[in-house]
Amino acid sequence: MSGRQHRETEIARRIRAKGLAAGRTSAQIADEIHEQCTPQFGTSRVKSHRLSYGIALADVIEQIRALFERDNKAMPGIGETLLSAYESGLKRPGPEYMHYLCTVYRVEPLELGFDGPCICGHGHRTPGVPLGESAERTLLQAERELTGTSPPEPEADEDENILRRTMLNLLNPGTSVATELDGPVLGACEGIRRRMDETLVSATVSAAMLDQWEEATQSFGRQYTTTAPLRLLCDVMLEMSAVRAAMARRQPIDLQDRLLRMAAQLAGLSGMIMINLGDHRLARSFFRTGRTAADETGDRALRAWITARESLVPLYFGDAREALNLAKKSRDLAGAMPCPAQAMAPVVEARALAMLSGAENKKEIVDQAKRALARARNAFSHMRPEHQEDMAFGYTEKQLYFYQGDVLTKLGQTLEAEVVLDQALEKYEDHILDQTLIRLDQAQCRMIDGEFDSALDIGTRALRMLGDEYMTDFIMRPALALEQAITARDANNSKLEEYRAELRRPRVPTKGGGA
């Protein structure tokens, strides 16, 4: 422990001893520690609560682990380094860790220095007891005073509550995971997106809060490859709602620009998740919102990224020509600037051209698609390293391999496609959606070559590895296309029955997110 930390702990120990002698609660002692230590040591509210109990980081970790064990959950990955980052303000706890920190300290998120109510909807001073209406109003009012935001509209509160209830259902180990968006969740997502639109055309948050939101946005981008779509959507929507509330009043120009950038990224990420969930209408709406925010920033690279991501909607849902036009628009926006869209847009062009390759001028389209792939590879080599490692807001080498293999499959060049798809599959270790799409492309290659048994074996294994929460329309479309193609050419194949059984396996529905 450094001398500075030792002095901070000594002062907190004296405050705690006097507070206990005077009969004060731990929460009151924490407030006093925060008041006296913050000017000299920058002591955060969450750290003040730990010091008010007189315990070490390791003690908090053990308590959180015990709570996870009590709730029959796998042991958490939280450690002293992560908890220290929460206390220093470098990171913000996710909804689940926030809930357990509140439970350990028996306080609400605001008292730990974090905005927003807990996902459990209960008070933590008496665990399991719903937060009283008057207490809830007091906490919300204090939160608004702290963040400088105006009271949200009643419908905004309800939309957030629907998403919090959905998230709580998903976190509950005894509840089946939802496989489809239901009406209340869709309505809540659309409500948040619409109010963001209204704020963008009409619109004092602290720099520290902006730093936390930016870190959360980047974290959601990293989770895009590993978290079930509906679970991630709830997180992203709640963050977007918080950003929108901050934008409801005009900010200084530098802060407003950062908020606009986050709004564009969160809207774009929401559109990407909606594609994975199979809702192309809402996906387009989110990308439109993202374009509105990105246009306000004047950042051509951000505008190009949004447009390139939007081009995937018509690509996946049946309009290759519109996808081609959007990809070209993205390429024009990117210009000569090295950025993710410079590599992403030509790949979408190539995929759209491959979908159009059944026309009479097939050779010409094949040549165009291959030239587009060459442009993508060249652009990728000039991207910044951090963009080459970002699956959501950048463009990675494994994405390049995957989509190149997809293009070659659609062009019918199966030998070359299988080599590239094998390389892509080796690189995807944590993204089950893309693993499944790669395997379905491999099955498509075998089908084109007339190896129907092998194609069905690959397809069946791919679907068997997929959890119910990922069996969305996004996956079902190519899976059904494979079934239809093989049925048309070998309707009596003995392996079709097994594939169909896996494709249409019963999925246990969960209670609705808005319930």
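Helices here are DSSP runs of H or I with at least four residues, numbered from the N terminus. The model is predicted: local features need pLDDT of at least 70, side-chain atom pairs count only at pLDDT 80 or more, and totals for chains, interfaces and linings use all residues. Residues are numbered from 1 along each chain as its sequence is written, and side-chain values use heavy atoms, without hydrogens and water.

**Exercise 1.** Locate the salt bridge of E190 and state whether R193 is buried or exposed.

Solution. A salt bridge requires a side-chain nitrogen of Lys or Arg within 4 Å of a carboxyl oxygen of Asp or Glu. For E190 and R193, the closest N and O atoms are 2.8 Å apart. Both residues belong to helix α9 (residues 183-202), where they sit three residues apart, about one turn of the helix. Buried means under 20% relative accessible area, exposed over 50%, partly exposed in between (1.4 Å probe, protein chains only). R193 has 5%, so this residue is buried.

**Exercise 2.** Determine which helices the pair R258 and E214 ties together.

Solution. The closest N and O atoms of this salt bridge are 2.9 Å apart. R258 is in helix α12 and E214 in helix α10 (residues 207-223), so the pair ties together parts 44 residues apart in sequence. R258 is partly exposed at 23%, and E214 is partly exposed at 26%.

**Exercise 3.** Describe the surroundings of R50.

Solution. R50 is placed in helix α3 (residues 45-53). Its relative accessibility is 9%, so R50 counts as buried. Leaving out residues up to four places away in sequence, R50 has contacts (heavy atoms within 4.5 Å) with I55, A56, L57, V60, E87 and Y105.

Notes
Helices (H or I, at least four residues) and strands (E, at least two) are DSSP runs, numbered from the N terminus.
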